[in-house]
Amino acid sequence: MPPVVEVQGVTKAYGDAEVLRGVDLTLSEHEAIALIGASGSGKSTLLRCIDLLEEIDDGDVLLDGEVITDPSVDPVRVRRRLGMVFQAFNLFPHLTVLENVLLAPARAHGMARPEATERARELLARFGLGGREGDYPDRLSGGQQQRVAIIRALATQPRALLLDEITSALDPELVGEVLALVRELKSEGMTMLIATHEMSFARDVADEVCFLHDGQILERGDTAAVLSEPRQPETQRFLRRLLER
Amino acid sequence: MLGALAALILTSKGWPTVRETFFDWDAFRDSFPGVLDGFWLDIRLFLVVEVVVLVLGLIVALARSARTPALFPLRLLAATFTDIFRGVPTILVVYLIGFGIPALALPGLPSDPVVLGGAALALSYSAYVAEVYRAGIDSVHPDQRSAALALGLTETQSTRFVILPQAVRRVVPPLLNDFIALQKDVALVSILGPLEAFRVAQIDASSNFNYTPLLAAATLYLLVTVPLARVVDRMQARDRLRRSAGPAV
């Protein structure tokens, strides 16, 4: 499968704090990679750098073979080809569920409004949110809000989805419905880069796992292999700590 | 407490004189039509200035919140504008513009004191209102902008469709508060000569040695500002209620 996202030697520092210290990663079409690692290991920053929400200091990020971190590239055009879902949902509280989903297709992608509306309704209905179109986000449960956020990202038909700890802000009983949605996307062949703390989730949907530690990818490989027989001592320690929780 | 205060005033030595010069019903009745006429000018001026302030304040706030490094001069200009017009007493701005602009004797510049006074008020209040808008813009969580950008909206679209609607909603009560202040400060235009309510009342008062017309003007102001204040209260209460209401699943 051709690579969709390629990260090559990316570094990023905030002042003296080096968050990414030379990260390499290739995400191929229809592939799902889980990014695991402790809080502060750089998972979110890496996703934000790929979506050009942060400027990198060094290295390159490629999307479908094109270097997107080149200063001459318009970040807006790049972001339109990627979808991102955040830990805190980040739905727009002043817009209804339908308007949240509609905003990008109608405003950023120039889709005709009736067509965009029809597509948005379809997506919402398909993922169990039909009938909530007119509600404001604060009337929805956390799980419903996060599902709307995923649908909002899907509505722009992205080349790849970047999921940033999408279940971390949810009550445990609401995690399942969000994961089920992602599992369904995986079965449809969506290309995804998933930062997560849920190892069972990683095991379920990820083809590959990358263990990020101190801004570097220490270990990567087949999901089952990395999670059950990690080679690096750091990975072993991290996974053991997760189990003890 | 209030009763004691009232008793104290009503039994004071000067009360008969005060009653005569401030609470003269006949003087009130005689001056009221004139003061009301003047007040109509206040209202019209207030409405026009208010619209200008809402637009100019927003432009200044947006300029100050601009994020692109290339727009630094614009940011500086906006910051200077707010510093100056917020830092100088409104009455001074009215004086300086009301008397300074006509003194320049430049062709094409307005010389009507109502227009000049209105412009001075608009400049002064735009500086305040720009800061109110800016506080609203700053209060929207940066994640909202991230989410908008991640969806492929441009910076301008993010501001227009995501940040501003939330910001403006949050600052409606403080904006209304500034409206009330502006509604009263319209009286400052009187120093330039136009016959607005305070000016009319003042002329009446000094020609009859009776201050009751001023009370008539005050009554008119209260008739407008008190209902406005109640509107602000209600909006704030509604806002509190909405914030405290948890998600209904």
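## Overall shape of chain B

The radius of gyration used here is taken over C-alpha atoms, and the globule rule it is compared with is 2.2 Å times the number of residues to the power 0.38. Keep in mind as you read that this is a predicted model. For chain B the radius of gyration is 23 Å, whereas a compact globule of 249 residues would come out near 18 Å. The C-alpha trace of chain B spans about 70 × 60 × 25 Å along its principal axes.

What share of the 249 residues of chain B counts as buried? The figure is 35%. As for contacts in chain B with a separation of 6 or more, 74% of them come from residues 24 or more positions apart.

## Helices and domains of chain B

If you like simple topologies, chain B is a friendly case: it has 10 helices and zero strands. Its pattern along the sequence reads α-α-α-α-α-α-α-α-α-α.

Chain B is divided into two parts, domain 1 (45-194) and domain 2 (195-230). Between the C-alpha centres of domain 1 of chain B and domain 2 of chain B there are 28 Å. Each side brings residues to the contact: 10 from domain 1 of chain B and 10 from domain 2 of chain B. On the domain 1 side of chain B, the residues that touch domain 2 comprise seven nonpolar, two polar and one charged.

## The largest nonpolar core

Now to the interior. The largest nonpolar core has 131 residues, and those with the most contacts inside it are Leu35(A), Leu193(A) and Ile194(A). Helix H6 of chain B, residues 113-139, gives the most to this core, with 13 residues. Domain 1 (45-194) and domain 2 (195-230) of chain B both contribute residues, so the core lies between them.

Which residues does Ile194(A) touch, not counting residues up to four places away in sequence? They are Ala32(A), Ile33(A), Ala34(A), Leu35(A), Leu163(A) and Ala206(A). Leu35(A) thus appears twice, as a partner of Ile194(A) and as one of the residues with the most contacts inside the core.

## Helix H1 of chain A

Why is helix H1 of chain A described as largely enclosed by the rest of the structure? Because eight of the eight residues of this helix (residues 43-50) are buried. The buried residues of H1(A) include the nonpolar Leu46(A), Leu47(A), Cys49(A) and Ile50(A), and also the charged Lys43(A) and Arg48(A). Ser44(A) and Thr45(A) are buried as well.

H1(A) is followed by Leu52(A), which has a positive phi, near 60°.

Technical notes: Residues numbered from 1 in each chain as written. Chains lettered and ligands numbered in written order. Predicted model: local features only at pLDDT ≥ 70, side-chain atom pairs only at ≥ 80, totals over all residues. Buried ≥ 20, exposed ≤ 12 C-beta atoms within 10 Å, placed from the backbone. Helix = DSSP H or I, 4+ residues; strand = E, 2+ residues; numbered from the N terminus. Contact = placed C-beta atoms within 7 Å. Domains from an automatic or database assignment. Core = buried A, V, L, I, M, F, W, Y, C linked by C-beta atoms within 7 Å.
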